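Here is a set of exercises to work through with the viewer open. Try each task yourself before you read its solution.

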Amino acid sequence: MKGILKYQSSLITLLFIVSCMLFFTKCINNEKNKSATATVTAYSDYAGSASCASCHKAIAESHANTAHFHTSELASAKNIKGSFDTGKNTFAYNTMEMIAMEKADSGFYQVAYVNGAEKKRERFDITIGSGTKGQSYASWVGNKLVQLPITYFTSAGEWSNSPGYPNKIAFNRPVTSRCLECHATYAEKISAPEKEPEEFDQRRIVLGVDCEKCHGPAAEHVKYQTQNPNEKIAKFIINPASFSRQQNLDMCALCHGGRLQKTKPSFQFKAGDKLPDYFAIDTVGRDINSIDVHGNQFGLLAASKCFKMSTTLTCNTCHDPHKNEKGNDSLFSQRCMSCHNDSHKDAVTCKMTNDLGSKTISTHCTACHMPEQPSMAIAVLLQGKNTPAAALMHTHLIKNYPEETQKILALLKEKSTH
Ligand code: HEC
Ligand code: HEC
Ligand code: HEC
Ligand code: HEC
Ligand code: HEC
Ligand code: HEC
Ligand code: HEC
């Protein structure tokens, strides 16, 4: 099963029971079909995506290629993105202090050196981030998770200082449950609610944004369908296909809605629930200029005309949650044109259509209307630099960006004259 940590040290098996209000919608084909049922969620309610593959092979295989699936994993030679080769495996803060990324029989380590003498080493235990933009690392120190000081920054192809760390050796930033809420499916907190840094049960974590994040804990579904192999109707599982628009949006905004303030303990929210029942949502500060490109696709989309003037648009109009479709410009353009076509009653076609010709236009909608912009939240300090380098993200504020149009037109012109 994906994500169970092979434990080394933990003796504590305190069960942290989260009580959950489940507002069942008709999507849950529950035999009892209660409209509002209080249940508790525990690690044992989760089945893990490996168990889905026997009956949902195609979806499981395709999901295993997504950034969601890989967004947290047990660290291994296969999934750590940066290099351990001599010459490429160090990050120097100054002439005296540096961190080296080192391989040993017992695993991979970040090792701090001061004037050549080893001062501290911590192991890469969990990778955070699929690596499309970057990848951070968490290390177990007892039952606490500490973020390692060095992060891999993909666009530069280099190790860099982890966001939030000072430009000197330090190993003190905790990986909080908030981090895990967006980058994992479930983690069991074993420390008292007010205690910081938090402690987790190392064996009770479901890594990755996995099936059960969007479909709810599925141990009961797996058990029932396994015991009743001739039953062709699903039981005990959430299918977002029957969600309202708001339920669909809330499910994604949980992690793509920017900074939300938790009002209930972690991991209580389930697909289908209402986000405001679990988080304080800052509607006052919804000034579009203050919304960063990072992690707030919902806020940006919600400010776009496409969203405001359509009654159906959700994230899933453009994204297939089971597939990795990154970089497929013509596919995304087709999704724009599912509304922006001659026969649609609300959405018009692009004014540039005649200038560009239908072939060019039908593969470039996003380049002109959702261009990549620097994200201040995924910005790191590269070795020897004073200003942080930012990752580029596609903005979800869909509108006209005249400068981008000029760039694309210049590019196309260059192509046609060569
Ligand atoms: C023993 C077989 C089996 C296993 C294992 C299994 N399922 Fe299912 N699942 C089914 C059957 C049968 C259906 C109903 C037919 C269909 O929709 O494919 C179903 C339907 C579903 C649906 C659609 C629900 C609906 O109302 O149409 C979802 C979502 C789902 N399963 C998720 C999962 C997840 C997530 C896992 C792993 C944690 C999983 N399943 C494991 C047999 C299984
Ligand atoms: C539990 C948190 C969580 C939920 C719920 C969630 N996401 Fe994500 N999503 C993430 C994280 C974290 C990443 C960054 C993954 C990475 O690259 O490490 C991500 C990445 C993505 C990406 C970029 C994929 C790529 O190839 O770079 C898309 C698109 C996306 N999510 C869409 C959705 C949609 C649509 C929904 C709702 C159906 C959703 N997400 C629900 C956490 C979540
Ligand atoms: C509110 C949800 C949320 C929280 C909390 C959060 N992240 Fe993220 N993170 C995301 C999303 C969504 C993305 C995808 C890029 C984006 O939309 O900005 C992402 C992207 C990343 C990436 C780049 C992944 C890639 O390969 O593209 C890293 C690394 C990362 N986060 C690390 C962390 C760490 C470490 C923490 C805790 C200190 C954290 N995140 C907290 C939602 C979150
Ligand atoms: C990011 C959220 C997300 C994740 C992760 C996810 N799903 Fe889904 N899944 C959805 C949504 C949304 C739908 C409804 C699609 C629609 O509207 O038709 C869905 C539909 C389904 C269905 C119903 C049949 C279908 O294709 O529509 C099955 C079965 C299913 N998912 C299984 C899985 C399994 C198994 C995994 C993990 C391997 C998984 N899902 C991971 C969001 C997700
Ligand atoms: C669910 C339908 C739908 C989808 C999908 C959709 N839009 Fe829209 N969009 C609309 C509606 C409705 C409007 C408002 C009327 C109009 O200008 O066409 C709009 C407006 C716009 C505008 C004008 C914005 C402004 O501020 O004047 C642009 C540009 C645009 N869309 C581009 C896109 C692009 C690019 C995509 C794909 C990435 C897309 N749309 C996907 C429905 C949609
Ligand atoms: C109108 C179409 C459209 C809608 C609606 C939409 N997206 Fe996207 N999204 C895109 C396109 C196009 C990209 C760029 C894909 C690529 O990398 O090729 C993208 C990229 C992303 C990325 C990766 C960002 C990056 O640049 O690496 C995330 C995360 C994401 N979307 C999440 C969401 C979420 C969450 C929602 C709902 C709140 C949503 N999207 C709604 C079209 C859309
Ligand atoms: C080369 C850049 C470029 C590409 C590619 C492009 N657009 Fe545009 N689009 C523009 C510009 C510039 C305008 C504003 C034109 C004006 O106001 O005269 C515009 C206007 C629009 C409008 C608003 C029309 C109105 O009357 O308010 C919509 C909707 C739109 N585009 C949708 C799309 C869609 C959908 C695609 C892909 C099929 C697309 N665009 C491709 C540059 C582009």
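**Exercise 1. Find the residues around ligand 7 and say which elements supply them.**

Solution. Keep in mind throughout that this is a predicted model.

Step 1. Select the shell: ligand 7 has 16 residues around it, and the nearest are Cys350, Lys351, Cys365, Cys368 and His369.

Step 2. Look for a polar contact. In His369, a polar side-chain atom sits 2.8 Å from a nitrogen atom of ligand 7.

Step 3. Assign the shell to elements. Two or more residues each come from H10, helix H13 (365-369) and H14. The largest share belongs to H13, with three residues.

Step 4. Sort by class: ten residues of this shell are nonpolar, five are polar and one is charged.

Step 5. Follow H10 a little further. Its buried residues are Leu331, Phe332, Ser333 and Arg335, and H9 and H13 are among what covers them.

**Exercise 2. Describe the shell around ligand 1 and its polar contacts.**

Solution.

Step 1. The shell holds 20 residues, with Ser51, Cys52, Cys55, His56 and His221 the closest.

Step 2. Check the two histidines in turn. His56 places a polar side-chain atom 2.8 Å from a nitrogen atom of ligand 1. For His221, the distance from a polar side-chain atom to a nitrogen atom of the ligand is also 2.8 Å.

Step 3. Now take the oxygen atoms of the ligand: one of them is 3.3 Å from an N or O atom in the side chain of Asn239.

Step 4. The elements giving two or more residues to this shell are helix H4 (211-215) and helix H5 (219-227). H5 gives the most, with four residues.

Step 5. By class, the shell contains nine nonpolar, nine polar and two charged residues.

**Exercise 3. Which residues coordinate the iron atom of ligand 6, and which parts of the chain do they tie together?**

Solution.

Step 1. The iron atom is coordinated by His319 and His396, through NE2 in each case, at 2.0 Å.

Step 2. Examine the geometry. The angles among the six donor atoms run from 88 to 179°, and the site is octahedral.

Step 3. Place the two residues. His319 is in the loop between helix H9 (315-318) and helix H10 (329-337), while His396 is in the loop between strand E19 (389-394) and helix H14 (402-417), so the pair ties together parts 77 residues apart in sequence.

Step 4. Compare exposure. His319 is partly exposed, at 38% relative accessible area, whereas His396 has 16% and counts as buried.

**Exercise 4. Repeat the analysis for the iron atom of ligand 4, then look at the iron atom of ligand 3.**

Solution.

Step 1. For ligand 4, the protein donors are NE2 of His215 and NE2 of His322, lying 2.0 Å from the iron atom.

Step 2. This site has six donor atoms with angles of 87 to 179° among them, and is octahedral.

Step 3. His215 belongs to helix H4 and His322 to the loop between H9 and H10, so this pair links parts that are 107 residues apart in sequence.

Step 4. His215 is partly exposed, with a relative accessible area of 22%. His322 is partly exposed as well, at 26%.

Step 5. Turn to ligand 3. Its iron atom has a single donor from the protein, NE2 of His183, 2.1 Å away. His183 lies in helix H3 (residues 177-183).

**Exercise 5. Is Asp125 buried or exposed, and what does it touch?**

Solution.

Step 1. Asp125 sits in the loop between strand E7 (117-123) and strand E8 (126-128).

Step 2. Its relative accessible area is 11%, and the cut-off for buried is under 20%, so Asp125 is buried.

Step 3. Leaving out residues up to four places away in sequence, Asp125 touches Glu73, Leu74, Ala75, Ala138, Ser139 and Trp140.

Step 4. With Trp140 there is also a polar contact: its backbone nitrogen lies 2.8 Å from a polar atom of the Asp125 side chain.

**Exercise 6. Locate the backbone features at Pro197, Asn115 and Phe236.**

Solution.

Step 1. Recall the background: most residues other than glycine have a negative phi, and most peptide bonds are trans.

Step 2. The peptide bond from Glu196 to Pro197 is cis, with omega near -10°. Pro197 is in the loop between strand E14 (184-189) and strand E15 (200-207).

Step 3. Asn115 has a positive phi of about 50° and counts as exposed at 58% relative accessibility.

Step 4. Phe236 has a positive phi near 60°, but counts as buried at 13% relative accessibility.

Note on methods: Residues numbered from 1 in each chain as written. Chains lettered and ligands numbered in written order. Predicted model: local features only at pLDDT ≥ 70, side-chain atom pairs only at ≥ 80, totals over all residues. Heavy atoms only, no water. Near = heavy atom within 4 Å. Polar contact = N/O pair within 3.5 Å; in protein donor to acceptor, adjacent residues only side chain to side chain. Nonpolar A, V, L, I, M, F, W, Y, C, P; charged D, E, K, R; others polar. Donors = N, O, S within 2.8 Å, 3.2 Å for Na, K, Ca; no water. Tetrahedral: all angles 85-135°; square planar, octahedral: opposite > 155°, others 65-115°. Buried < 20%, exposed > 50% of the residue type's maximum accessible area, 1.4 Å probe, protein only. Contact = heavy atoms within 4.5 Å.
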